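Colleague: I am new to this structure and would like a close look at a single part of it. Please take one helix and follow what surrounds it.

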Amino acid sequence: HSELALILFDNGRQNEALAEWKAGLEKVETQPNPATASRIIRDIRSRRQETVLRAEIDRALRASARALPVWQLPSLLQAAFENSSDDQWLLDIVNSSRAPNQLFTSLTGTGSSTAWLSPRQQKLVFQNALSALSTAPEANRFEYMQLRQRYLDYLLDQKDAVEAKRVLDSMNEQERRTAGTQQAQIRLAALQNSLPGLLSNWANT
């Protein structure tokens, strides 16, 4: 469908191209296939027709999110949301998956499967993953603390001092004594030009 749609579109036959893409998306909706869905959505976006076909793309994405295992979804999300500013739509699709918490956590990882996320999207993914883990059973407390530390490091890499301070302030006294957290406090103080004060406080305690 999509190959023909591109040829039609590039030859000025826009309505016929849109009909082909719609047919392709309807097929994805009934028989989710991540490779096919990614190809169609990438092609639609390459010709800037995602607004026209938003309803059809949305149905295909939701059907795929509900049907496919979590590990198959990051590439599909990339096809739909790389360089996109529609953050709420991204969150809606993740939340419609079989295991939103697992998917959010997998999207906080490093590597090619998540490198496409913009800093703003990455921040939202971290926040949603942490929110999910914060209400999880006690057994997941260690995972939550690890993820929060990674989020803190990410914020400092992005030089987001305000959000980094908010995360640090949410920690209890014991949590602030870990090596990773103390390193983060030093980095934050350096960003805020308050390193001498921090070191002086530590020396007095």
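Modeller: What follows starts from helix H7 and moves on to its neighbours. This is a predicted model, in which local features need pLDDT of at least 70 and side-chain atom pairs count only at pLDDT 80 or more, while totals for chains, interfaces and linings use all residues. Residues are numbered from 1 along each chain as its sequence is written, and side-chain values use heavy atoms, with hydrogens and water left out.

Helices are DSSP runs (H or I, at least four residues), numbered from the N terminus. H7 covers residues 100–107, and its buried residues are Pro-100, Leu-103, Phe-104 and Leu-107. Buried means under 20% relative accessible area, exposed over 50%, and partly exposed in between (1.4 Å probe, protein chains only). These four residues sit on the same side of H7, because they cover an arc of only 100° around the axis; the arc is that of the directions from the helix axis to the C-beta atoms.

The buried residues of H7 pack against helix H5 (73–81), helix H6 (87–95) and helix H8 (119–134). Contact here means heavy atoms within 4.5 Å. Leu-77 touches Leu-103 and Leu-107, and its other contacts include Leu-90, Ile-93, Val-94 and Trp-116, not counting residues up to four places away in sequence.

Leu-77 and Leu-107 are also among the residues that touch the most other members of the largest nonpolar core, which has 54 residues. A nonpolar core is a set of buried Ala, Val, Leu, Ile, Met, Phe, Trp, Tyr and Cys residues joined through side-chain atoms within 4.5 Å. H9 gives the most to this core, with seven residues. In soluble globular proteins, nonpolar side chains tend to be buried together.

Two of the helices that H7 packs against, H6 and H8, are also joined by a salt bridge between Asp-87 and Arg-120, the closest N and O atoms being 2.6 Å apart. That pair links distant parts of the chain, with Asp-87 in helix H6 and Arg-120 in helix H8, 33 residues apart. A salt bridge is a side-chain nitrogen of Lys or Arg within 4 Å of a carboxyl oxygen of Asp or Glu. Asp-87 is buried, with a relative accessible area of 12%, whereas Arg-120 is partly exposed at 40%.

A further salt bridge joins the side chains of Lys-123 and Asp-160 (2.8 Å, N to O). Lys-123 lies in helix H8 and Asp-160 in the loop between H9 and helix H10 (161–169), so the pair ties together parts that are 37 residues apart in sequence.
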